[in-house]
Amino acid sequence: MKKTRRDFLKQTGLAAAAVAATGAFSPTKSYGGLLATRAAEMPPDDTVRALMMTAINTAKSAGASYSDVRIGRYRNSIVFTREQQIVNTADVDNIGAGVRALVDGTWGFGASKTLTTDGVAAAAREAVAIAKANRIARDQPVQLTPVQSYPNASWTSSFKIDPFTIPIEQRADLLLKANAEALKVKGVRFVNSGLLFVKEDRNFASTEGSVISQTIVRVAVPFTITAVAPDNSDFQTRGNVVAPAGRGWEYVLEQDLVGNAGKWAEQAVQKLAGKSVDVGRYDLVLHPTHLWLTIHESIAHPTELDRALGYEANYAGTSFVAPPEKMLGKFRYGPEFMNIQGDRSQPGGCATIGYDDEGVKPETFLLIKNGLVNDYQTTREQAAWLKWWYDSQGKPARSHGCSNADSWGTVQFQRMPNVSLLPGAKDISYEDIIAATDRGIAIEGDGSFSIDQQRYNAQFGGQVFHEIKGGKIVGQLKDVAYQMRTPDFWNSMDMIGGQKSYFMGGAFNDGKGQPPQSNAVSHGCVPSRFKNINVINTGRKA
Amino acid sequence: MSRSGTFREAPRRLLDAAAAMMPDGAVMPREQAQALIEKVVKMSKADEISINVTSGYQADLRFAANQVSTSGGVVNGQVGIQSTFGKKHAAAVTNDLSDASLRRAVEQSEALAKLSPDDPETMPGLPSQTYVPVNGYFDSTANLTPEDRARAALTALEPARKAGDLKAAGFIVVNAGSNAIGNSKGLFAYNRSTNANYTLTVRTDDGTGSGWSGAEHPDWKQLDFSGLSAHAIEKARLSRNPVAIEPGRYTVILEPQAVGDLVQLMGFALAARNADEGRSAFSKQGGGNKIGEQIVDKRVTIFSDPQDPQILAQPYDGQGLPLSRQVWVENGVLKQLFYSRFWAQKQGKQPTGFPSSIKLEGGTTSVDDMIKSTPRGILVTRLWYLRPVDPRTILFTGLTRDGTFLIENGKISKSIKNFRFNESPLFLLSNLEALGPAVRIGGTEQGGPVVMPTIKAKDFNFTSLSDAV
């Protein structure tokens, strides 16, 4: 599930430092949780390799049948502003080692920030000790599907300009200029903006013989404009204007914050005067900047195999796409032209990576094929559970490469790849779909979101709502949210955009697991139309 | 235990394991934290420096599908450093506590600060403060072994396996840690704490029933694992074969977890600045905020108190401001909003400190009496996936989960399908009918102490049905 900023902050483990740095209760300052610094220093490569060997060899000697280790450096850098002033500037640097051990088919995990031979060996012994203690609670032993070994692999994500090389004053200047443009629009009273950079140096080794080193860069540009009625009787916001991406500073520049801020500000002000929506059923034309989140919640999460089989029942929930034997190749999720792809290879995707956290090279696969459930997201442990299905399809049972941990200190498990709605065959645009719609609402940008623990019943808001009459936009609406039942919703999809309208949205803060982990996600999609959807009015007064 | 031989290889205690992984100990003692802060202050060339040191060990056990799944122990600790030159400031955080690394972090924060534009809201560092004493550190939690946690999990796993038609999924997490804050003005604050949390979801194999229970306390001994496990199992059975009833406005009895899920979200709307700026539910039309106005039912009192025996939280905030009992809502009247140091100075008020807990004062009505007095209503175990819909009214949407029941003629009559709601804690607490005793809730996702009563309220707004179990 996508997390609120508040949850996100709590789980970065940096909340205390953030509060110290920002000293604020208001949501405008709570981004401080994502800090970073150049202060910590990773041991040099040879030392990292030696420490990784120490870890897995120690685990093996202590009784592990399989072990892997991740030594990572996780850096974040943030600048936050409001109106014409700086709010906070910070860097965070976090290093450490996490060791996983399998003993008699039971997992254990130990992690330490102490990157010495003794430190990683102690973490390895802790992993084995926990695994041994937990054997009394084991039922079926864990089995891992085979993996190719990569004894000397490396990979770097597709950024052109490392954002960490951009001086702090240049970042602040860009934000303050964009804020100024937004504040020029009459009715705009507040702007909160920021730049959030992430750089991860991930090293991996396993008893399968792999040694892999990877570098990943991601950027996010939170930007929220608030318009307030002159008598304080109403306020409206326009936010989520830029999708986070697995790219560098060049991506920030492409967004043209200064050039676009005035347009976004106008949208916030127009919402104040917007018509409060009449409840009822509408045809919805969903822009990709909005639809990515609906895909995330109603397709990407329910096709996680661990969820479907009950492994997340106590927190994130289970899935209606279960049991697999009743779903695979049988369950109609949506129309024939609906194809949903899982991959970790689209350039700029937040989940894009060379090798996953089990040393698997991820592959591209179809979760939904011609409208039918075709596959699930898997790890090495999970792929074995679907052997019967892969056999029937003439495919080997192997992991799709969906194992991931959000830091060295958390245990890797199944996290979503880039999950995307593939474009239709015809060259159809967002405007084409609006022109073909008689009575409807076009929604841009992601807003409020909520879905049940089996991913049936969802409610989504948005950022900008256009009323459509006779194929034309006739005005802006407010207080709009739609409620849906997932399979009904996707089966009501009757128009879909073409390749040219493809866009990737995403978020930095997708939560899953216990202890909760937060992952960056991306979802590509095209504008699409959904028939006869239930719209509610959220502007309650009492 | 027949396998006790294997346990000898395991670290005996939570902190033994941690100490082995981190030579200077997992929970940094007061003296060591103070020495570290003093050392960093000496490295500073800035006008002011403030330092935040956290350290600790966390161990967890997850189980699902009736067996253990993942489990681990993590040692971490970090230092956050903020340097200030005039109105310029920046922070650097590192978890490498070597002298060389600390020096680099100091230099990094100074370099960033010098290049940053001015922050006109920069406040001078606090001088030395006085804090109320709190003891939230329990050896019963700090001295746990991996076997203790595995045995606790068996309280759910064994009966679920034996039953043959149930699947248990749960999470046990314990931690021991410390925090210290200091600056170049002589401020020093230190706190150490432990916490233990257990949550359990039991589902029936026919896919129609799901029950939940959870608890949290700094003291492991306060968690009744067998009782909690039995409760979730019973709920799972009772909730089987739910029937659909029409969405709409209903009288509800919300168990403490459900109350906490919604009411704790009010805490995040309590910022005075947002209210004064005209962008909060507590903004007053025409300007200013609603302090002094009746906002909910007269029986409602909401406060934060680090010394409350159900809370035992850190008695200072992230800037070192003292926290003690702070009443936000008293007898239904908004008494106080959160004032940061900057906003308090600007508005001529006292800063409140950033609260570390929230408690809704309980009453004396038992759940049984609430049910008996209800001709038609709905009993809710907990709420799920709450997300803001309209900040003007603190309106949230979300769903019921893991045990939702119809009450007819003073009795629970049947299990019903889950609902989506669109509701505000302000509306809920305005429609109050009765309050039960307050308890510490477990389903807070480690978000800090939350203490809530069972409540009965009318006209709760359920907007659609969910097929989810």
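Helix α6(B) has a long list of buried residues: B:Pro146, B:Glu147, B:Arg149, B:Ala150, B:Ala152, B:Ala153, B:Leu154, B:Ala156, B:Leu157 and B:Ala160. Keep in mind that this is a predicted model. The helix covers residues 146–163 of chain B, 18 residues in total, and its first and last C-alpha atoms are 26 Å apart, close to the expected 26 Å. There is a bend in α6(B), though, of about 40° at B:Leu154. B:Leu154 is also one of the buried residues. Just past the end of the helix, B:Gly164 adopts a positive phi of about 85°.

One of the α6(B) residues turns up again from the other side. B:Ser229 sits in helix α7 of chain B, residues 225–238, and its contacts beyond the sequence neighbourhood include B:Thr155 and B:Ala156. B:Tyr198, B:Leu200 and B:Ser213 complete that contact list. How accessible is B:Ser229? Its relative accessibility is 0%, so B:Ser229 counts as buried.

**Where the chains meet**

Now for the interface. Between chain B and chain A about 10000 Å² is buried, with carbon and sulfur atoms giving 53% of it. In residue terms, 127 from chain B are in contact with 121 from chain A. On the polar side, 54 residue pairs make polar contacts across this interface, counting pairs with both residues at pLDDT 80 or more. Strand β2 of chain B, residues 67–85, supplies the largest share of the chain B side, with 13 residues.

How many salt bridges link chain B and chain A? The count is six. Over all chains, the count is 55. Here are a few salt bridges, each with its N to O distance.

| Residue | Partner | N to O distance |
|---|---|---|
| B:Arg392 | A:Asp234 | 2.6 Å |
| B:Arg62 | A:Glu312 | 2.8 Å |
| B:Asp467 | A:Arg485 | 2.5 Å |
| B:Lys185 | B:Glu48 | 3.3 Å |

Take the salt bridge between B:Arg62 and A:Glu312, at 2.8 Å. B:Arg62 belongs to strand β1 of chain B (residues 48–64), while A:Glu312 is in the loop between α9 and α10 of chain A, so this pair joins two chains. Are these partners buried or exposed? B:Arg62 has 7% relative accessibility and so counts as buried. A:Glu312, at 1%, is buried as well.

The salt bridge between B:Asp467 and A:Arg485, at 2.5 Å, sits in another setting. B:Asp467 is in the segment after β17 of chain B and A:Arg485 is in strand β22 of chain A (residues 480–485), so this pair also joins two chains. Here B:Asp467 is partly exposed, with a relative accessible area of 27%, and A:Arg485 is partly exposed too, at 32%.

B:Lys185 and B:Glu48 form a salt bridge at 3.3 Å. B:Lys185 is in the loop between β4 and β5, and B:Glu48 is in strand β1, so the pair ties together parts of chain B that are 137 residues apart in sequence. B:Lys185 is partly exposed at 40% relative accessible area, whereas B:Glu48 counts as buried at 16%. There is also a network of salt bridges with shared partners, made up of A:Arg82, A:Glu83, B:Glu121, B:Arg273, B:Glu277 and B:Arg279.

**Around A:Lys478**

A:Asp234, the partner of B:Arg392 in a salt bridge, has a second polar link: a polar contact of 2.9 Å joins its side chain to that of A:Lys478. A:Lys478 is in strand β21 of chain A, residues 472–478. With a relative accessible area of 10%, A:Lys478 is buried. A polar atom of its side chain also lies 3.1 Å from the backbone oxygen of A:Leu272. Beyond its sequence neighbours, A:Lys478 is in contact with residues including A:Gln236, A:Lys271, A:Leu272, A:Gly274 and A:Phe465. For a sense of distance, the C-alpha atoms of A:Lys478 and A:Lys132 are separated by 57 Å, with their places 346 residues apart along the chain.

A:Lys271 and A:Leu272 lead us to helix α7(A), residues 257–273. Its 17 residues should span 24 Å at 1.5 Å a residue, and the end C-alpha atoms are 25 Å apart, which agrees. Buried residues of α7(A) include A:Leu257, A:Trp264, A:Val269 and A:Lys271, and A:Lys271 is one of the contacts of A:Lys478.

Methods. Residues numbered from 1 in each chain as written. Chains lettered and ligands numbered in written order. Predicted model: local features only at pLDDT ≥ 70, side-chain atom pairs only at ≥ 80, totals over all residues. Heavy atoms only, no water. Helix = DSSP H or I, 4+ residues; strand = E, 2+ residues; numbered from the N terminus. Expected span 1.5 Å × (residues − 1). Bend = angle between axes of the 7 residues up to and from the residue. Buried < 20%, exposed > 50% of the residue type's maximum accessible area, 1.4 Å probe, protein only. Contact = heavy atoms within 4.5 Å. Buried area = accessible area lost by both parts, 1.4 Å probe. Salt bridge = Lys/Arg side-chain N within 4 Å of Asp/Glu carboxyl O. Polar contact = N/O pair within 3.5 Å; in protein donor to acceptor, adjacent residues only side chain to side chain. Lists of a residue's contacts leave out its neighbours within four places in sequence.
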